[in-house]
Amino acid sequence: MNADERGSKIERLIGVHLCSSAAKYAVLLVTLGLHAETGANAWLLYQPLDGSALQHYRQALPAAMTALGNSAVIASAQGELIRGVRGMLGRTLRMEAHWPAEDSLVLGTLADLERDAPQLGLAGRLPTDAFWLKSVSAGGVKYTIVAGSNDRGVLYGAFALLRKIALGEPITNLDEKQAPYAPIRWINQWDNLDGSIERGYGGRSIFWENGHVRDDLSRVAEYGRLLASLGINGCSINNVNADVRLLTPEYAPQIARIADALRPWGVRVAISVDFGSPKTVGGLDTFDPLDRRVAAWWAARTSDLYRAVPDLGGFVLKADSEGRVGPSTYGRTPADAANVVARALKPHGGLLFYRGFVYDHHADWRNLKNDRARAAYDNFHPLDGRFDDNVVVQIKNGPIDFQVREPASPLFAGLTQTNQAIELQITQEYLGQARAMVFLVPMWKETLDFDMGGPVRELVSGRANHRPTGGFIGVANVGLDDNWLGNYLSQANLYGFGRLAWNPDLGARQIAGEWTRLTFGSDPKVVDTISAMQLQSWRVYEDYTGVLGLQGLTDITGNHYGVNVEASERNGWGQWHRADEHGVGMDRTVATGTGFIGQYPPAAAKLYESLETCPDDLLLFMHHVPYTHVLHDGKTVIQYIYDSHYEGAKAAENYVGQWKSLRGRVDEQRYAAVLAQLEYQAGQAPVWRDAVNNWFFRESGIADEKGRVGYHPGRVEAESMHLEGYTVVSVMPWESASGGEAVSCASGAAPCAASYRFEGAPGWYTLRVQYFDTNTGVARFRLRIQGQLVDEWAAADHVPTQKIDGSSSTRRTVAGIALRPGDEIRIEGIPDGGDTAAIDYIEIESNTN
Ligand code: GCV
């Protein structure tokens, strides 16, 4: 290979062409040290090293690289090493087509290395997808070997080597073998064929638009790269609420295009299918799983698909759940349903993922013995051992539905002769929807480490019961947004999921630290601050949205986002918390309740059944208690509710200051975007705090012993202000607005104004305007003090509501206002479309600093 050929091959491999001006620009940015980051490369930034680290790794790493094998996956590994080393060390590895006579990086499967380079003495076996990083000397030449059990293992080894450099870990005298904890390390995407994504907060689908696969699949390949860097080896590409069209012949070549884009990264594609397909698209008069024609249809259709995508990973099936048809139509079981599809996949090596999320969403809420939490175990445990060996029962981490805190699903222990996988939700459906910082790894760790006759991680991976397969599935729902998930900080959850799927023994602290270093650089102040914020964020979010196992007190029949304490009650969805004037919590005990606790193995059941031993964090998930019940920490339930909501909201407010301390240490683009996100969260948290606390105060009649609930010094309700054009409206639910009311400017009445005469002491103040930003238009606001315009802004956010409620409630903070007694504080609202420039209140806070 001549120099030009080598050069262009490298460019092809790394997918970059450094034309002269781009190269100059890149150099300039490197010099400045703080690139403007879009987030597209997530944790694969390969930021330039400097100082002694740069010298060290330049010396430690050879100049040349060779690879045994020429598969697309091995080519990805080579390309990634070139890209990463160039980024971090400013050196371009020279590719050698032949066995190198100089110190080199050598890539290959262990089998190829044993065969082609016996002099290295590398022998043995590695588990599937495992890698071995090894420093070897032979004939006076030093080799850094990246060996894999297969091509995928080589790719994972390449990423691991680069990660070591980025994290400042040693790469000399290497002898490190790593094998994945479980075979299944998959992503599910809930993308619809029209390009929308159910519970997706990072933009439109990277796979689909207008009913077909996108022409441009470059983001799919980039996604494959991110997934491969974590060792993720499968991805389902459409919503589990599956579109039946996907099984029609015209989609096979389209699915094949996605598979082609992901294959170089070792990621196998799977699709979600609809159980009614034999009838709806197959033209049969039935989809009864025990009907021979149905079995034949699944077999034929599956074979057709495998002709187009020979390495298809399999199918995901949601049946008899939330309106999806299933085997119950014919009185058949989930095992009957799973097996008929699994048998069609079996000859092709495919897996059938049958979702354990099967429950009745029309349950009678009046019956205190009804309990949705029981459903997965009740439906699947009796069938244990009756599923074929290429069926995997895919079980959500908790028995309800990705709430802010749930116990581990008892079904993990309820299947010992059936493959299973844990389903974790990376997309933050019930956890702030990419608007709140919530690092989910600590939550996932609690579940994976929970002992149910063996830790959950051992049960789901198949290790505990010696199953042929098992593992981890993450619902990611990335989209076309540059940063994939709608904000920069949520990327830590995708990273964390992948790292845990590879090795669930890793700690949350380690994962947070790694991710921060890889994503924001190694400045210790940055690493410490962001890691600390991430590590506290789940508890903070829980503190102001759903404590003591209450789950999220959100609008569960609507957007799953804003506060709505009673939305879960008096309907069939079964997310009841059963709060009334006497007490709160679901009685799930065996003794007096629904019996859910009895689904756990004896030790866990004993722990939860007794009020003495049930952990406070899950108390109200397991028990119904009076508000005066005293927790292990010595507080009453009601006081704990009040305190934690104040603490959570305060901690959310503190994020802003913590983040501001990083100004100049994080590139301006991410700094500004994260700051805006955290300021928004700091304004949402008090909405939750006040709503939940006021609701429980009214219900229980028990006052906050610290006197805060219902008392807000400095707050002036908009409805008590002097109104011009604005009218007072009742807000539903009442707790989502201060005093249950707001003022709204009917369109056509524009502009409206609410004013207030300040009578406090002269001084410096911070003004907070709590207003509502619905997604029905872009209202504008002006703040005047004594006629002087001091701020104006547009309500241009896209919160998931059209209503004046807890979801749209947000705030504007204006610091540094000098007020004198008699000053008029005046807010003018200019409505737009359906956005009525509604205001809840203002808060005037003395600020002498
Ligand atoms: C894809 C919850 C979500 C649904 C989701 C469902 C599931 O109910 O709100 O959007 O549907 O879980 O996991 O199937």
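The exercises below work through a ligand site, a disulfide, a helix and three single residues of a predicted model.

Residues are numbered from 1 along each chain as its sequence is written, and side-chain values use heavy atoms, with hydrogens and water left out. Because the model is predicted, local features need pLDDT of at least 70 and side-chain atom pairs count only at pLDDT 80 or more, while totals for chains, interfaces and linings use all residues.

**Exercise 1. Describe the surroundings of the ligand.**

Step 1. List the residues near the ligand, that is, those with a heavy atom within 4 Å of it. There are 14 residues around the ligand, and Glu-198, Lys-318, Glu-322, Lys-396 and Glu-429 come nearest.

Step 2. Sort this shell by residue class. Ala, Val, Leu, Ile, Met, Phe, Trp, Tyr, Cys and Pro count as nonpolar, Asp, Glu, Lys and Arg as charged, and the others, Gly among them, as polar. The shell divides into eight charged, three polar and three nonpolar residues.

Step 3. Look for polar contacts (pairs of N or O atoms within 3.5 Å; within protein, one must be able to donate a hydrogen and the other to accept it, and residues adjacent in sequence count only if both atoms are side-chain atoms). The side chain of Arg-355 has a polar atom 2.7 Å from a ligand oxygen. For the side chain of Arg-199 the distance from an N or O atom to a ligand oxygen is 2.8 Å, and for that of Asn-241 it is 3.2 Å.

Step 4. Find how much of the ligand is covered. The protein buries 97% of the 340 Å² that the ligand exposes when taken alone; such areas come from the Shrake-Rupley method with a 1.4 Å probe, and for residues only the protein chains shown count as cover.

**Exercise 2. Which cysteines form a disulfide, and are they buried or exposed?**

Step 1. Apply the distance rule: a disulfide is a pair of cysteine sulfur atoms within 2.5 Å. The count comes to one, joining Cys-745 to Cys-752 with 2.0 Å from S to S.

Step 2. Read the torsion. The angle about the S-S bond is 75°, and the link of Cys-745 and Cys-752 is right-handed.

Step 3. Check accessibility, where buried means under 20% relative accessible area, exposed over 50% and partly exposed in between (1.4 Å probe, protein chains only). Cys-745 is buried at 0%, as is Cys-752 at 1%.

**Exercise 3. Where do the buried residues of helix α8 pack?**

Step 1. Locate the helix. Helices (H or I, at least four residues) and strands (E, at least two) are DSSP runs, numbered from the N terminus. Helix α8 covers residues 252-262, and eight of its eleven residues are buried, including Gln-254, Ile-258 and Leu-262.

Step 2. Trace the contacts, meaning heavy atoms within 4.5 Å. The buried residues of α8 pack against β8, β9, α7, β10, β11 and α10.

**Exercise 4. Place Arg-219, Ser-205 and Asn-397 in the fold.**

Step 1. Arg-219 lies in helix α7 (residues 218-230) and is buried at 12%. Beyond four places in sequence, Arg-219 touches residues including Ile-206, Leu-480 and Trp-484.

Step 2. Ser-205 sits in the loop between β7 and β8 and is buried at 0%. The contacts of Ser-205 beyond four places include Asp-191, Arg-214 and Leu-480.

Step 3. Asn-397 belongs to the loop between β14 and α13 and is buried at 3%. Asn-397 and Val-456 are 59 residues apart in sequence, with 9.5 Å from C-alpha to C-alpha.

How values were computed
A residue is near a molecule or strand if one of its heavy atoms lies within 4 Å of it.
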